[in-house]
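Got the viewer open? Grab your selection tool and let's take a walk through this one, stop by stop.

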Amino acid sequence: MNAEQILFILFGAVSLIGAIAVISFRHPIYSALSLIVTFFAQAGLFLLLGAHFVAAVQVIVYAGAIMVLFLFVIMLLNLGTLSAKGALGGKLKGFAIILGILLAIEGIYIATNVLNNTAIASAQPAAASPNTTTYDIGELLFSKYLLPFEVTSLILLAALIGVIVLVKRESESES
């Protein structure tokens, strides 16, 4: 095993453990900090892939701006420990299971496409020196990588809806 493979396994393991920790912790601050660790591990994976721009954007936009926003909202709402019963009621638990199954299917779909595209790309001769610009990255992002981009936007939308539900629940209990 070379250093790149070891780093890939290390960043992948940290990313997976961080993602599991996000949904495992009951305290929102710990979940947000676990999400930051996951974002940094993902940036490390992007660096290994040679996508330095995407890694920088990952750190600046997600680990920086978005997480500061999440932490600000968590502290503004003064959220304590969330109970498992309140977070996942009867109907929401079924919805979460269905959503988890759909995301697993989507992950398998993405993984099979990556394997197929890798096999096709390895059969083609490599370009002498790729001249990648932000336009090329944008074009790839909205064509070949549109599905992961949309999944990211759905995750952010779910977080926004979660904050709105928490704020509404807090205001109803105060009145």
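Start by selecting the buried residues of α2: P28, I29, S31, A32, S34, I36, T38, F39, A41, A43, G44 and L45. Keep in mind as you click around that this is a predicted model.

**Stop 1: the helix itself**

Now widen the selection to residues 28–48, which is the whole of helix α2. It has 21 residues and runs 30 Å from its first C-alpha to its last, close to the 30 Å expected at 1.5 Å a residue. Step just past the end of α2 and click G50, where phi is positive, at about 85 degrees.

**Stop 2: zoom out**

Show the whole chain as a cartoon. What does the secondary structure come to? You should find 7 helices and 0 strands, and from the N terminus on the order reads α-α-α-α-α-α-α. Colour by accessibility next: of the 175 residues, 16% count as buried. If you like contact maps, consider the contacts with a separation of 6 or more: 66% of them join residues 24 or more positions apart.

**Stop 3: α1 against α2**

Bring up helix α1, residues 3–24, together with α2. A general note before you look: two packed helices are described by the angle between their axes and the distance between the axes. Here the axes of α1 and α2 come within 8 Å and cross at roughly 155 degrees. The cut-off for roughly antiparallel is over 145 degrees, so α1 and α2 count as roughly antiparallel to each other. Turn the view and check the handedness: α1 passes α2 in a left-handed crossing.

Which residues make the contact? On the α1 side, select E4, L7, F8, F11, G12, V14, S15, G18, A19, A21 and V22. On the α2 side, add S31, S34, L35, V37, T38, A41, Q42, G44, L45 and L48. Colour that set by class and you get 12 nonpolar, 8 polar and 1 charged residues.

**Stop 4: S34, on the α2 side**

Click S34, which sits in helix α2. Is S34 buried or exposed? Its relative accessibility is 9%, and the limit for buried is under 20%, so S34 counts as buried. Show its surroundings, skipping residues up to four places away in sequence, and S34 touches G18, A21, V22 and F25.

**Stop 5: V14, on the α1 side**

Hop across to V14 in helix α1. With a relative accessible area of 32%, V14 is partly exposed. Leave aside the neighbours within four places in sequence, and V14 is in contact with V37 and A41. Try a distance label too: the C-alpha atoms of V14 and F39 are separated by 9.9 Å, with their positions 25 residues apart along the chain.

**Last stop: V163**

Finish in helix α7, residues 146–174, by selecting V163. V163 counts as partly exposed, at 23% relative accessibility. Draw one more C-alpha to C-alpha label, this time from V163 to I74: the two are 89 residues apart in sequence and 8.5 Å apart in space.

Technical notes:
Residues are numbered from 1 along each chain as its sequence is written. This is a predicted model: local features need pLDDT of at least 70, side-chain atom pairs count only at pLDDT 80 or more; totals for chains, interfaces and linings use all residues. Side-chain values use heavy atoms; hydrogens and water are left out. Helices (H or I, at least four residues) and strands (E, at least two) are DSSP runs, numbered from the N terminus. The expected span of a helix is 1.5 Å times one less than its number of residues. Buried means under 20% relative accessible area, exposed over 50%, partly exposed in between (1.4 Å probe, protein chains only). Axes are lines fitted to C-alpha atoms, for helices over the stretch in contact, and angles run from 0 to 180 degrees between N-to-C directions. Angles under 35 degrees count as roughly parallel, over 145 as roughly antiparallel, 65 to 115 as roughly perpendicular and the rest as oblique. A crossing is left-handed if the near helix is turned anticlockwise from the far one by less than a right angle, and right-handed if clockwise. Contact means heavy atoms within 4.5 Å. Ala, Val, Leu, Ile, Met, Phe, Trp, Tyr, Cys and Pro count as nonpolar, Asp, Glu, Lys and Arg as charged, and the others, Gly among them, as polar.
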